[in-house]
Amino acid sequence: MSASTRYTDGLAKLQEIDGEAGHKVIDSLQAIAPDLARYVIEFPFGDIYQRPGLDLPQRELATVAALTALGHCQPQLAVHVHGALNVGCTPEQIVEVVIQMAVYAGFPTALNGMHTVKAVFAERGLLPTGNANE
């Protein structure tokens, strides 16, 4: 695959998954690190997300799990929680993935991840009535 195809395919996949949020991340890098913006488009979205074997919901759940387990990627986790919802993952699946991370990454990490998930759900109106401030 050529660099041009990687970029074009990656940009299309980024749009499919993250929509405007993905473009905001890329745009925020243009002034200071345009090469990093290009790498983000070409490698994960142009190469990895194009591979067979996992569909987009599975890839996004894996990404939510990894970012939760890392424990220090809340902005990226929020983008990928939106992405997971955008490609058809249910709120229940996302919550279960984060709970699963408590076993492998620890309770503090899972709690921090769940706070990010809760913020995304609140932004999208997905919290049950009365739970937004609990």
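**Exercise 1.** Which residues line the second largest pocket? Find them in this predicted model, then describe the lining by element and class.

*Solution.* Start with the residues themselves: V95, L111, M114, H115, V117, K118, F121 and L127 line the second largest pocket. Next, look at where they come from: α6 supplies the largest share of this lining, six residues. Now sort the lining by class, which gives six nonpolar residues, one polar and one charged. Finally, add the volume: the second largest pocket holds about 160 Å³ of space.

**Exercise 2.** Stay with α6 and pick out T116. Is T116 buried or exposed, and which residues does T116 touch beyond four places away in sequence?

*Solution.* First, place the residue: T116 sits in helix α6, which covers residues 107–123. Then check its relative accessible area, which is 10%. Buried means under 20%, so T116 counts as buried. Last, list the contacts: leaving out residues up to four places away in sequence, T116 touches Q74, L77 and A78.

**Exercise 3.** Now turn to the largest pocket. What is its volume, and which elements give two or more residues to its lining?

*Solution.* Begin with the volume, about 280 Å³. The lining of this pocket has 16 residues, and those closest to the centre are V25, V40, Q76, V79 and H80. Two or more residues come from each of α1 (3–30), α2 (34–47), α3 (56–70) and α4 (74–86). Of these, α1 gives the largest share, five residues. At the domain level, domain 1 (1–51) and domain 2 (54–128) each contribute at least three residues to the lining. To finish, count by class: 11 nonpolar, four polar and one charged.

Definitions and conventions: Residues are numbered from 1 along each chain as its sequence is written. This is a predicted model: local features need pLDDT of at least 70, side-chain atom pairs count only at pLDDT 80 or more; totals for chains, interfaces and linings use all residues. Side-chain values use heavy atoms; hydrogens and water are left out. Helices (H or I, at least four residues) and strands (E, at least two) are DSSP runs, numbered from the N terminus. Buried means under 20% relative accessible area, exposed over 50%, partly exposed in between (1.4 Å probe, protein chains only). Contact means heavy atoms within 4.5 Å. On a 1 Å grid over the protein atoms alone, a cavity is a set of points where a 1.4 Å probe fits but cannot get out, and a pocket is an open set with protein on both sides within 12 Å along at least five of seven lines; lining residues have an atom within 4 Å of a point. Grid points are joined across faces, edges and corners, and a volume is the space filled by probe spheres set on the points. Ala, Val, Leu, Ile, Met, Phe, Trp, Tyr, Cys and Pro count as nonpolar, Asp, Glu, Lys and Arg as charged, and the others, Gly among them, as polar. Domain bounds come from an automatic or database domain assignment.
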